[in-house]
Amino acid sequence: MSEEQTHSTLLLALGATAVWLWWSGDALNYVRPGLVPLVGAGGVVLVALGLLPPLGLLNAQPAGHGDGSGGHHHHRGRVGWLLLVPVLVVLLVQPAALGSYAVSSRSVIPGGGDGQFPPLSAPVRGAVPMSMAEFETRAVRDPSQSLAGVRVRLVGFAAPAEGDAGGYRLTRFVIFCCAADAEALQAVVAGDPTPRARDQWLEVEGTWVPRPATVDDPSPPPPVLKVDVVRPIAPARPPYEYSVQFSG
């Protein structure tokens, strides 16, 4: 296979993988929803470059006879095939969205902004649904303690944590562009007597355990949620939250 054919094959493989990630929805494991169409569009462009003339595999012109540097071309061709490694990983291993093993070095407590918090949303089926970002920000940064006595509903996965009396932390990643910049939002779950599997997705309802707001503390501990109801659920789609900011 000529060097040009190798390049075209690699473009075709990379493009087909990007199109498959877009079509299957698995691109959401890696990027925020607004970027998913760009993944698909980029894949289409790569497929076209890999197939269509003048450089693609459908080029009718025969390959050249070389210019005396065939050894260098052969070496570059072998190196180029290494680009297929991520393609094989995606197709054969199918990496899932970030889970509990990525939590330890990525946890974050959202800032409180200007300290002004909008009114809570109306309860739905007896509890206020909210993102992990909103729960953490109100619980840790709101001096008026707007969550006190309020039954909330959160969605996340279980992540074991040392020092939490054998319990677990409800966790959800927030990403800003892609999984590479992900940070974990966590709440310590209290009152659930059932052991939960690592990375099991849960919908929980309960009330925040009040403690003094830590507006000026850059690294406060995660808030504690005393749960009343815990329901195992299918993994959330999309799997991430996409901002530590919220609005009423």
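Leucine 52 lies in the loop between α2 and α3 (70–80). The structure is a predicted model, and the values below are computed from it. With a relative accessibility of 46%, leucine 52 counts as partly exposed, because the partly exposed class runs between 20% and 50%. Its C-alpha atom is separated by 9.2 Å from that of serine 8, although the two residues are 44 residues apart along the chain.

**Helix α2**

Helix α2 spans residues 36–51 and has 16 residues. From its first C-alpha to its last it reaches 23 Å, close to the 22 Å expected at 1.5 Å a residue. Which residues of α2 are buried? They are Val36, Gly40, Gly43 and Gly50. These residues cover an arc of only 90 degrees around the axis, so they sit on the same side of α2. The face turned away from that buried side carries the exposed residues Leu38 and Val44.

**The loop before α2**

Asparagine 29 is found in the loop between α1 (3–24) and α2. Is asparagine 29 buried or exposed? Its relative accessibility is 7%, and therefore asparagine 29 counts as buried, the cut-off for that class being under 20%. The side chain of asparagine 29 makes a polar contact with the side chain of arginine 237, at 2.9 Å.

The two loop residues are set side by side here.

| Residue | Loop | Relative accessibility | Class |
|---|---|---|---|
| Asparagine 29 | between α1 and α2 | 7% | buried |
| Leucine 52 | between α2 and α3 | 46% | partly exposed |

**The chain as a whole**

The chain contains five helices and six strands. Read along the sequence, these elements follow the pattern α-α-α-α-β-α-β-β-β-β-β. Of the 248 residues of the chain, 38% count as buried. Among the contacts with a separation of 6 or more, 72% are between residues 24 or more positions apart. The accessible surface of the chain comes to about 13,400 Å², and carbon and sulfur atoms account for 63% of that area.

**Confidence**

The mean pLDDT of the chain is 80. A value of 70 or more is reached by 72% of the residues. Over residues 63–73, pLDDT stays under 50. For that segment the model has three contacts beyond four places in sequence. Where pLDDT is low, the predicted coordinates should not be read in detail.

How values were computed:
Residues are numbered from 1 along each chain as its sequence is written. Side-chain values use heavy atoms; hydrogens and water are left out. Helices (H or I, at least four residues) and strands (E, at least two) are DSSP runs, numbered from the N terminus. The expected span of a helix is 1.5 Å times one less than its number of residues. Buried means under 20% relative accessible area, exposed over 50%, partly exposed in between (1.4 Å probe, protein chains only). The arc is that of the directions from the helix axis to the C-beta atoms. A polar contact is a pair of N or O atoms within 3.5 Å; within protein, one must be able to donate a hydrogen and the other to accept it, and residues adjacent in sequence count only if both atoms are side-chain atoms. Contact means heavy atoms within 4.5 Å. Accessible areas come from the Shrake-Rupley method with a 1.4 Å probe; for residues, only the protein chains shown count as cover. pLDDT is the predictor's confidence in each residue, from 0 to 100.
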